[in-house]
Amino acid sequence: MEKNRELFEQTPIPRAVAAMAIPTILSMIVTMVYNIADTFFIGQTGNALMVSAVSLTSPIFTIFTALGNLFGIGGSTAISRFMGNGKGERAKNFSSFCFYSVIVLGIIMGGGILIGMNFVLKLMGVDETNYLFAKEYLSVIAMGCPFILFAGAFGSIVRSEGAAKAAMAGNMIGTVLNIVLDPIMIQCMGLGATGAAVATVLGNIGASVYYLVYIKVSKTHISIRPKDFRIRETAGQVFSIGILTALNSLLSTLATILLNRTMVNYGTDSVAAMGIAIKVNTMVIFVAVGLCNGIQPLLAYNYGSGNRKRLMGVFRFTAIAAVAIGTILTVSLYAVREPLIRAFMNNDAIVGYGAKMFGILQMSCPIVGLMFLGTSALQAFGKGMPSLLLSVCRQGLVFIPMLYLFDHLWGLYGAVFAQPMADFVTVILSITICLTIMHRMNQEEKAVK
């Protein structure tokens with residue numbers, strides 16, 4: 001713990017950012033591979049109906065991730081702030097609350113989806129052509145919901161006290177299991193969509209077991225003991241921040257559902273191509289999210305300790321890094337977009353659609369990291385409403401009207417363009433809000449002096 005405190009307080013900013021961000025970026029890359037694996041190996045079957053079925057039901061997995069993040073991000077920012085205030089023991093109350101909450105919620109959510117399966121599939125835009133594939137996939141995913149929520153939440157909880165490498169290891173275990181099991185179950189055993197879902201759930205079980213062992217054997221403030229469970233002292237702080245991250249993911253899910261339903265109007269190939277293009281585009285998005293999530297404990301700790309100079313230094317350095325990394329990745333991936341799409345599915349029509357869709361989605365990627373940095377910073381400061389505004393704008397207030405307007409005006413590719421356009425608007429808003437709040441913080445600090 002003393003080593004982690006030195007990292008938060010004294011380590012030079014570039015090295016501190018690297019120490020926290022690199023393992024988190026690697027974790028996000030692992031998560032990206034984890035998310036891509038099912039689509040990739042199912043694509044190798046050459047069955048566009050199966051690919052479209054998994055693409056249409058993928059928002060449910062995003063909802064599970066959102067609920068995990070509700071407790072993971074909400075709990076982790078509270079833990080980091082209390083550590084900055086010298087009250088690290090409170091971490092046991094927050095981590096125990098998050099543990100039991102995700103388990104109970106996972107059971108309720110999984111059971112609810114199994115009971116209302118037909119309604120859920122219809123809501124996702126599934127039709128009779130891919131119904132059986134979608135039902136097989138989603139049934140298994142629903143049964144694994146408690147493990148998906150726990151693994152997602154406790155990656156952030158473990159990272160909150162500076163153990164970024166341990167958090168990365170949990171992600172690595174889950175992803176390696178998924179990647180190894182996918183081809184065995186999908187192709188060798190011929191289980192198709194069911195095999196992909198089983199591999200996903202087993203990967204999350206593996207990550208969950210790792211985090212439980214880590215908590216048991218490490219010297220940590222993290223606890224899952226019932227005696228440390230508190231609701232009154234923890235729930236409000238967890239939800240006030242975590243709900244913002246969850247809402248962002250839920251709005252993203254809604255946006256994906258609406259986008260998929262729009263793509264359905266242009267045929268199965270368009271749905272499959274868009275699903276693949278979105279997966280490939282996450283290569284940039286997930287790195288940006290990993291960078292900004294990784295430095296969030298640094299921001300929260302220094303905000304809690306009142307070290308405004310270090311806080312601002314971390315923010316500025318991360319902003320520069322986000323734009324530089326985003327630009328390099330965007331240019332590199334755009335150059336090989338067609339081979340990337342073809343690697344998922346060797347179908348000329350799908351490659352043609354997918355390459356154009358991917359190029360449009362990439363338009364905002366060089367600067368999209370600034371939006372995630374703004375959201376992470378506002379959450380670290382405990383600024384709930386501004387963070388909520390950013391979340392609602394990107395996938396709700398801005399994206400949804402643009403989706404229908406651009407689809408009406410320019411058809412298929414107009415609908416795709418709605419996402420980068422929404423990103424541009426939200427980046428401008430994010431920079432404006434963050435600079436305003438930080439200026440106010442500096443003014444308050446000068447007034448105190």
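**Exercise 1. Identify the residues that pair with Arg342 and Arg225, and classify each partner by accessibility.**

Step 1. In this predicted model, the side chains of Arg342 and Asp348 form a salt bridge, with an N to O distance of 3.1 Å. The distance falls within the 4 Å cut-off, so the pair qualifies.

Step 2. Arg342 has a relative accessible area of 32% and is partly exposed. Asp348, at 60%, counts as exposed.

Step 3. Arg225 and Asp228 also meet through their side chains in a salt bridge, again listed at 3.1 Å, N to O. Arg225 is partly exposed at 39% relative accessible area, whereas Asp228 is buried at 10%.

Step 4. A search of the whole structure finds two salt bridges. Side chains of opposite charge can pair when their charged atoms come close.

**Exercise 2. Place Met345 in the fold and determine whether it is buried or exposed.**

Step 1. Met345 sits in the loop that runs between helix H14 (337-344) and helix H15 (348-361).

Step 2. Its relative accessible area is 3%. Buried means under 20%, so Met345 is buried.

Step 3. Leaving out residues up to four places away in sequence, Met345 touches Gly43, Gly46, Asn47, Ala48, Val51, Ile276, Ile350 and Val351.

Step 4. Thr45 lies 300 residues from Met345 along the chain, and the two C-alpha atoms are separated by 8.5 Å.

**Exercise 3. For the loop residues Thr129 and Pro226, give the location, the accessibility and one partner distant in sequence.**

Step 1. Thr129 belongs to the loop between helix H5 (117-124) and helix H6 (131-143). With a relative accessible area of 41%, Thr129 is partly exposed.

Step 2. From Thr129 to Ala53 the separation is 76 residues in sequence and 9.1 Å in space, C-alpha to C-alpha.

Step 3. Pro226 belongs to the loop between helix H9 (192-217) and helix H10 (235-264). At 60% relative accessible area, Pro226 is exposed.

Step 4. Between Pro226 and Asn93 there are 9.5 Å, C-alpha to C-alpha, for a sequence separation of 133 residues.

**Exercise 4. Describe the surroundings of Phe154 and Phe147.**

Step 1. The largest nonpolar core has 148 residues, and Phe154 and Met263 touch the most other members. Helix H3 (residues 48-84) supplies the largest share of this core, with 17 residues.

Step 2. Beyond its neighbours within four places in sequence, Phe154 is in contact with Ser95, Cys98, Phe99, Tyr211, Ile215, Ile222 and Ile224. In soluble globular proteins, nonpolar side chains tend to be buried together.

Step 3. Phe147 is located in helix H7 (residues 145-159). Phe147 is partly exposed, with 36% relative accessible area.

Step 4. With neighbours within four places set aside, the contacts of Phe147 are Asn204, Ile205 and Ser208. Val238 is 91 residues from Phe147 along the chain, with 20 Å between the C-alpha atoms.

**Exercise 5. Which residues make the nonpolar surface patch of about 500 Å², and how exposed is Val180?**

Step 1. The patch is made by Met172, Val176, Val180, Ile184, Met189 and Leu191.

Step 2. Val180 is part of helix H8 (residues 164-188).

Step 3. The relative accessible area of Val180 is 48%, which makes it partly exposed. Patch members need over 30%, so Val180 satisfies that condition.

**Exercise 6. Characterise the chain as a whole, starting from its secondary structure.**

Step 1. The chain contains 19 helices and zero strands.

Step 2. A compact globule of 449 residues would have a radius of gyration near 22 Å, and the value of 21 Å for the chain agrees. The C-alpha trace spans about 65 × 45 × 35 Å along its principal axes.

Step 3. Among the 449 residues, 59% count as buried. The exposed area is about 17,900 Å², and carbon and sulfur atoms supply 67% of it.

Step 4. Take the contacts between residues at least 6 apart in sequence: 85% of them join residues at least 24 apart.

Definitions and conventions
Residues are numbered from 1 along each chain as its sequence is written. This is a predicted model: local features need pLDDT of at least 70, side-chain atom pairs count only at pLDDT 80 or more; totals for chains, interfaces and linings use all residues. Side-chain values use heavy atoms; hydrogens and water are left out. Buried means under 20% relative accessible area, exposed over 50%, partly exposed in between (1.4 Å probe, protein chains only). A nonpolar core is a set of buried Ala, Val, Leu, Ile, Met, Phe, Trp, Tyr and Cys residues joined through side-chain atoms within 4.5 Å. Helices (H or I, at least four residues) and strands (E, at least two) are DSSP runs, numbered from the N terminus. Contact means heavy atoms within 4.5 Å. Patches are made of residues with over 30% relative accessible area and no salt bridge: like charges are joined within 9 Å, nonpolar side chains (Val, Leu, Ile, Met, Phe, Trp, Tyr) within 5 Å. Accessible areas come from the Shrake-Rupley method with a 1.4 Å probe; for residues, only the protein chains shown count as cover. The radius of gyration is taken over C-alpha atoms; the globule rule is 2.2 Å times the number of residues to the power 0.38.
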